[in-house]
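Student: Could you take me through the aromatic side chains of this model, with a close look at how the rings sit against their surroundings?

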Amino acid sequence: MCTLEKRGPLFVLTLTSEFDDQHRLNPTLLSSLLAALSEVKSQATAGSALLTAAHGRFFCNGFDFRWAQAAGDQPSARLRLRRMSDALRPVLAALLSLPIPTVAAVSGNAAAAGAIFALAHDYVLMRADRGVIYFPEVDLGITLPEYFAAVAGAKIPAAALRDVVLAGRKVRAEGAVEMGIVHSAHDSAEGTVEAAMRLGEELARRKWVGDAYAEIRKSLYPEVCAALGLTPKTIVSKI
């Protein structure tokens, strides 16, 4: 459900569409993502970066509600939804703890938990001709987990937060750039991935000290770290 490969200085994490072209987050995919991020962390060196991409017209369409509903009754479905939410937290924690820059190439819809996963990257590039960032929770009548709200509040500028999250506005790439949510917009899926690779390579060339990079990132988002159970470390300068 996801693959990880090394291309030069880049670790390329790809959501594949063999079983689900919407890349909905279920326990199997979440476990695969966590394992891939653990592998990236163990192999990362100064001069690397992570690129996350997806096959098809979706980047990630949120939690797998079909899997939840397959439990057969509402209480069991709620338990499955809670299980998926609990499983996403360590994935985001691992992403924010990586000692290298992270870039998401959003080449299709990123909704709900899928939008949170995308926004947890350092840089988000988005396809302009197809796809939206969308938080449907208000339309579905469900509340946000604490860590969802923390990530959204940290990564979406305050002026846009009401419209995007509280009003459930579907935001296309150019609007997301104007709002300051994404780094840049591109003409096609291929163009988005290519631009993300160029950015990742540019960032990798900086060869930042990994532990310091990860801790600086976490220090920028204290509410996110608190919601994810991350604690800062003390970095001793070698200078």
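Tutor: In this predicted model, a good place to begin is R80, which lies over the face of W67 at 4.4 Å from the ring centre. A second such arrangement brings K170 over the face of Y134, here at 4.9 Å from the ring centre.

Turning from charges over rings to rings beside rings, the count comes to 4 aromatic pairs. One of them joins F59 and F117, whose centres are 6.2 Å apart with 20° between the planes, so the pair counts as stacked, the limit being under 30 degrees. This pair links distant parts of the chain, since F59 belongs to strand 4 (residues 58-60) and F117 to helix 4 (residues 113-119), 58 residues apart. Both F59 and F117 are buried.

W208 and Y213 form another stacked pair, with 5.4 Å from centre to centre and 20° between the planes. The two partners of this pair fall into separate burial classes: W208 has 31% relative accessibility and therefore counts as partly exposed, whereas Y213, with a relative accessible area of 16%, is buried because the cut-off for that class is under 20%. Y213 is also one of the buried residues of helix 10 (residues 210-220), a list that further includes G210, A214, E215, R217 and K218. Taken together, the buried residues of helix 10 pack against helix 3, strand 5 (102-106) and helix 11 (222-228).

Ring pairs also link F63, Y147 and F148 into a cluster, and F63 leads on to the largest pocket, where F63 is among the residues closest to the centre, along with F65, L81, I142 and T143. About 620 Å³ of space lies in this pocket, and 24 residues line it. The elements that give two or more residues to the lining are helix 2 (65-69), helix 3 (74-97) and helix 5 (137-140). Helix 3, which also receives contacts from the buried residues of helix 10, gives the most to the lining of the largest pocket, with 7 residues. By class, the lining of that pocket has 14 nonpolar residues, together with 6 polar and 4 charged ones.

Key: Residues are numbered from 1 along each chain as its sequence is written. This is a predicted model: local features need pLDDT of at least 70, side-chain atom pairs count only at pLDDT 80 or more; totals for chains, interfaces and linings use all residues. Side-chain values use heavy atoms; hydrogens and water are left out. Rings of Phe, Tyr and Trp (its six-membered ring) pair if their centres lie within 6.5 Å; planes under 30 degrees apart count as stacked, over 60 as edge-to-face and the rest as tilted. Helices (H or I, at least four residues) and strands (E, at least two) are DSSP runs, numbered from the N terminus. Buried means under 20% relative accessible area, exposed over 50%, partly exposed in between (1.4 Å probe, protein chains only). A charge sits over a ring if NZ of Lys or CZ of Arg is within 6 Å of the ring centre and within 35 degrees of the ring normal. On a 1 Å grid over the protein atoms alone, a cavity is a set of points where a 1.4 Å probe fits but cannot get out, and a pocket is an open set with protein on both sides within 12 Å along at least five of seven lines; lining residues have an atom within 4 Å of a point. Grid points are joined across faces, edges and corners, and a volume is the space filled by probe spheres set on the points. Ala, Val, Leu, Ile, Met, Phe, Trp, Tyr, Cys and Pro count as nonpolar, Asp, Glu, Lys and Arg as charged, and the others, Gly among them, as polar. Contact means heavy atoms within 4.5 Å.
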